[in-house]
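I opened the notebook with the structure beside me and went through it place by place, writing down what I looked up.

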Amino acid sequence: MNSVKKIVVLLIIMAALAPVVTAQSLKGMSFNGSTGLFNVPSGRIGWERSSDLGMDFGYHGIVNNGMANIPKINLSLFKWVELSAAMDIQNPNSRDDTWMDGLLGIKVQFPITASAIALGGNLQLIDSGKTGKNNVAGQLYMAITYPGTFFSMPAETTLMLGYTFREGGDHSSIDFGMGFDLILLPKIFQNYVHWITDFSNFSYSISSWGVNAAARGSLNTGFRIDLSMIPALNNFKFVIDIIAADILDSHRSFAFGIVFGVPLL
């Protein structure tokens, strides 16, 4: 628990050091398909101010003694509603079968300009590929994302508080997460490279692969590369993730991802 306390204290101190200013927002996908950091959903939706109808297609792979493949899709409506769906396909090396979990999400953003505040939820259909093994869970949350600076680099801080419900009412829990999206050395990298770190006491689902927050929480960090900064791609979203996942634990994982989005209206 000492490691968890130190991480939380460090994140809170960093948040306090971030005065409110305008910062660029890079709206990539979290592991479960919602717009957010790596494991923590943000207060933003995928196309909150730029399109009445926008669609994102994404994929994350999580490698740890086997692999999870998570294709996903995200739809932004009217600049304030987001719908997401993901399929978590897990292939353990030591087993012949494949585990498949369905993840469905919704997020509604409040019409506030200075910061981004959203209410969201997700439905988790666990082990849907196994006859008689289906489990159901859900999560409700509020996420707040606000801009700032850290050592003269534009940044965004996200705070999230929620509650996870499990089928039958057992092992339900209060959820907390926070994280940062920092534009790394913008004069050198020309706003292409974001350094993202998030910490949470929950995983992207109750049956996650390589991101197990049950013991000491999940700390994830890595780079999000914004290829939409290329002039020819300015009207689209094109994001690449390179992630060290759950690095507090001995069975830490490597993850990678890609998101491509298009405005439809």
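I began at L182, which I found in strand 8, in a model that is predicted. I asked myself whether L182 is buried or exposed. Its relative accessibility is 6%, and since buried means under 20% relative accessible area, L182 counts as buried. I then listed what L182 touches, leaving aside residues up to four places away in sequence, and wrote down F150, M153, P154, A155, V193, H194 and W195. I also looked up T149, which is 33 residues from L182 in sequence, while their C-alpha atoms are 8.2 Å apart in space.

Next I wanted to know which nonpolar cores the chain holds. The largest nonpolar core has 16 residues, and the ones that touch the most other members are F31, I62, Y204, W209, V211 and I243. Strand 2 (66-77), strand 4 (99-109) and strand 11 (237-245) are the elements that give two or more residues to this core. Apart from it I noted another core, of six residues, and L182 is among them together with F150, M153 and A155.

I stayed with V211 for a moment and asked which residues it touches once those up to four places away in sequence are not counted. My list for V211 reads F31, N39, I62, S203, Y204, S218, N220, A245 and D246.

From V211 I turned to the largest pocket, in which about 510 Å³ of space lies. It is lined by 26 residues, and V211 is one of those closest to its centre, along with S203, N212, A213 and A214. Sorting the lining by class, I recorded six nonpolar, 16 polar and four charged residues. Strand 7 (153-166) and strand 8 (173-183) each supply at least two residues of this lining.

Strand 7 led me to R166, which lies in that strand. With 27% relative accessibility, R166 counts as partly exposed. I paired R166 with G138, and found the two 28 residues apart in sequence but 6.5 Å apart in space, C-alpha to C-alpha.

I then looked for a charged residue inside the protein and came to K107, in strand 4. K107 has a relative accessible area of 0% and is therefore buried. What does the side chain of K107 reach at 2.9 Å? I found that it is the backbone oxygen of R44. A polar atom of the same side chain, that of K107, lies 2.7 Å from the backbone oxygen of T35.

After that I looked up N32, whose place is in the loop between helix 1 (2-16) and strand 1 (53-63). Although N32 is in a loop, its relative accessibility is 12%, so N32 counts as buried. The side chain of N32 makes a polar contact with the side chain of S30 at 3.0 Å, and I noted another with the side chain of S34, also given as 3.0 Å. Not counting residues up to four places away in sequence, N32 touches K72, A86, L103, N122 and Y204. I marked Y204 in this list, as I had already written it down in the largest nonpolar core.

My next entries concern the backbone. Most residues other than glycine have a negative phi. I therefore made a note of K79, which has a positive phi of about 70° although it is not a glycine. K79 is found in the loop between strand 2 and strand 3 (81-92), and its relative accessible area of 32% makes it partly exposed. Q190 also has a positive phi, of about 55°, and is not a glycine. I located Q190 in the loop between helix 2 (186-189) and strand 9 (193-200), and with a relative accessible area of 47% Q190 is partly exposed.

Last, I stepped back to the whole chain and asked how many helices and strands it has. I counted two helices and twelve strands, which run from the N terminus on as α-β-β-β-β-β-β-β-β-α-β-β-β-β. The chain has 265 residues, and buried ones make up 51% of them. Among contacts between residues at least 6 apart in sequence, 55% join residues at least 24 apart.

Definitions and conventions. Residues numbered from 1 in each chain as written. Predicted model: local features only at pLDDT ≥ 70, side-chain atom pairs only at ≥ 80, totals over all residues. Heavy atoms only, no water. 1 Å grid on protein atoms, 1.4 Å probe; cavity = no way out; pocket = protein on both sides within 12 Å on 5 of 7 lines; lining within 4 Å. Points joined across faces, edges and corners; volume = space filled by probe spheres on them. Helix = DSSP H or I, 4+ residues; strand = E, 2+ residues; numbered from the N terminus. Nonpolar A, V, L, I, M, F, W, Y, C, P; charged D, E, K, R; others polar. Core = buried A, V, L, I, M, F, W, Y, C linked by side-chain atoms within 4.5 Å. Buried < 20%, exposed > 50% of the residue type's maximum accessible area, 1.4 Å probe, protein only. Contact = heavy atoms within 4.5 Å. Polar contact = N/O pair within 3.5 Å; in protein donor to acceptor, adjacent residues only side chain to side chain.
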